[in-house]
Amino acid sequence: MSDYRLRIAILTSRRAYPIIKEEAEKTAISLKEAVAIDVYALPIDIAGFLSADGIAKIILSNKALLEKLRSYDYILIPGNVKGDVEAITKITGAKCFKASSEPGLLLPVIEELLRGGELSTVLPAEEIIRENLLENAYRYLEESWRKTKIAFTIDGLKIPLRSPPFVLAAEIPYSLDVEDAIEYGLRFEEEGADIVVVGGSSPLDEERFLSKIRRLGDELRQAIIGVDVDSPKLIIKSVKEGARLVLTMTPQNYIALSEIKKEAAFVASVFPSNTIDEIEAYTSFLSKAKNTGFENIIVDPLLSTPSHGIINTMNKYSALMERLPDYPFFACYGNYTELADVDPHGVIALLSFMSAELGISVIMVTADSWKTHESVGEAWIALQMASLSIPRKSNPHNIGLDLLLYRSKKPSPRPIIDESIRILKIPDEKQSPQLDKWGYITVWVDNNNEEITVCLHHYDDKSRDLCYRGKNAENLYKTILRNHSYFSLEHAAYLGYELAKANISLITGKSYVQDRELFEDIRTKIRSYEKLRIIKEKWARGDSNPGPPGYQPGAPPS
């Protein structure tokens with residue numbers, strides 16, 4: 001045993017013992033036997049029901065166990081045990097900490113101890129490990145960002161020549177009125193935007209547009225304002241009102257914008273043409289703009305739309321960045337998040353890692369559709385993950401930050417059920433509801449205002465109909481059931497089920513419709529495309545006419 005670096009004892013409940021024992025064995029193998037891990041079952045069924053003092057009393061009452069525990073370097077207690085486990089350290093002489101609440105996280109807990117890290121006697125280990133990872137991330141980023149070469153500043157905002165770090169811009173949807181635009185702008189800043197962009201397409205109500213610029217100037221805490229419109233006259237007026245970043249300056253409008261060349265920074269773009277070399281076109285344009293007196297320029301090679309040249313676009317970025325080493329670069333992710341029917345945060349993350357590899361330093365996201373309304377916060381997290389992983393040449397994995405919104409790295413914990421307890425298997429077929437005689441309920445979700453409404457409808461007396469509205473699903477069901485004791489058990493369970501779905505809708509932004517499932521599993525999704533699957537399988541087997549009966553290649557869809 002003396003060859004082990006650490007000897008660790010794990011105390012758990014009788015029910016959890018087999019699972020913890022299995023995890024301990026896998027952990028020891030993964031660590032190439034750097035540790036010796038022994039698991040002891042306490043005479044209790046569920047550890048979470050006991051306090052730290054209760055476990056200490058059990059140890060004191062078992063002299064053989066107490067003597068064994070005194071020989072270990074560390075003692076780990078389940079993370080969901082109540083109280084401070086320092087008392088166990090005092091009676092055993094071995095350092096006692098709380099492990100994770102989840103058995104599947106034992107490996108990173110032991111790794112933390114092997115690194116010499118300290119866990120907590122009060123908090124579950126997963127909280128401490130994540131906190132330590134974040135602290136390391138903060139220190140690394142703070143130190144590395146001090147060495148960043150700055151291209152220029154815009155009203156005090158540093159624009160890196162190459163990322164990381166990144167500057168994040170967010171564009172307010174064109175269609176919003178002034179008050180809603182201000183609300184969006186303030187939310188964008190709170191979620192991490194350094195630049196709030198006001199855009200619009202012709203024709204525009206100039207006064208309404210400029211009032212957005214003025215109001216944002218008054219209410220934003222420190223984010224600067226960008227402007228994204230076609231009209232040079234409106235761009236100039238916007239800069240006079242406080243905008244400090246112009247999207248976009250082109251060979252067609254830069255002369256008209258020279259009036260404000262010292263008052264703002266400019267995102268320079270050259271729209272693709274079959275008749276010119278794009279690299280030479282950008283080089284020539286930027287030279288002309290510099291000679292005209294424009295100083296603070298960010299280059300935008302224009303990220304393509306999905307399936308229309310992403311590889312060529314990235315090659316263009318790379319070539320231009322090599323050719324123009326003294327200019328910072330810009331990319332807008334909107335084409336990919338808005339024009340691909342996939343969840344945006346995964347797209348944003350992938351584009352962020354690509355941007356970090358290239359060194360693009362100013363990123364813009366849009367929130368034009370409901371599915372992208374959280375894109376600013378998602379982009380901010382993704383860009384910090386890229387800032388951590390790319391310079392260190394490490395994967396964006398177990399770094400303290402994550403963008404795992406709807407999936408987890410591990411499945412739910414396995415049920416801990418005593419062998420003596422019977423398990424009744426319920427059939428999958430949908431059962432008919434037993435309706436309440438008094439009436440029915442309707443449930444609605446307002447995602448914009450983050451509110452749930454539940455209405456009670458009575459068959460015999462409509463004057464008793466009543467609606468409840470709130471942001472907390474748990475408070476809603478408790479209030480309703482306490483005020484209306486005539487709900488049947490099944491109806492009360494149905495209310496809780498629908499409110500749980502409504503609450504998930506508020507968290508995820510997934511559209512809620514009563515009595516419909518919120519999510520489709522991937523197998524159900526694939527089955528809905530069965531015709532396409534058949535076509536693909538026929539092609540893969542060499543069928544000359546891959547398709548269902550009557551299908552003709554190239555024929556318009558029926």
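Just after helix α5, G116 takes a positive phi of about 90 degrees. Keep in mind that this is a predicted model.

Let's step back into the helix itself. Helix α5 spans residues 106-114, and its buried residues are L106, V109, I110, E112, L113 and L114. Why can residues some places apart in a helix share a side? An α-helix has 3.6 residues a turn, so residues three or four places apart point the same way. What covers the buried residues of α5? The cover includes the strands β1 (6-12), β2 (35-41), β3 (74-77) and β4 (95-98), along with the helices α1 (17-30) and α6 (125-146).

G116 is a glycine, but positive phi values also turn up in other residues. E450, which is not a glycine, has a positive phi of about 55 degrees, and D515, also a residue other than glycine, has phi near 75 degrees. Where do they sit? E450 lies in the loop between β15 (439-446) and β16 (451-458), while D515 is found in the loop between α17 (489-508) and α18 (522-527). E450 is partly exposed, with a relative accessible area of 45%; D515 is exposed, at 53%.

Now for some peptide bonds to look up in the loop between β6 (157-160) and β7 (167-172), where P164 lies. P165 has its place in the loop between β6 and β7 too.

| Peptide bond | Form | Omega |
|---|---|---|
| S163 to P164 | cis | near -10 degrees |
| P164 to P165 | cis | about 5 degrees |

Key: Residues are numbered from 1 along each chain as its sequence is written. This is a predicted model: local features need pLDDT of at least 70, side-chain atom pairs count only at pLDDT 80 or more; totals for chains, interfaces and linings use all residues. Side-chain values use heavy atoms; hydrogens and water are left out. Buried means under 20% relative accessible area, exposed over 50%, partly exposed in between (1.4 Å probe, protein chains only). Helices (H or I, at least four residues) and strands (E, at least two) are DSSP runs, numbered from the N terminus. Contact means heavy atoms within 4.5 Å.
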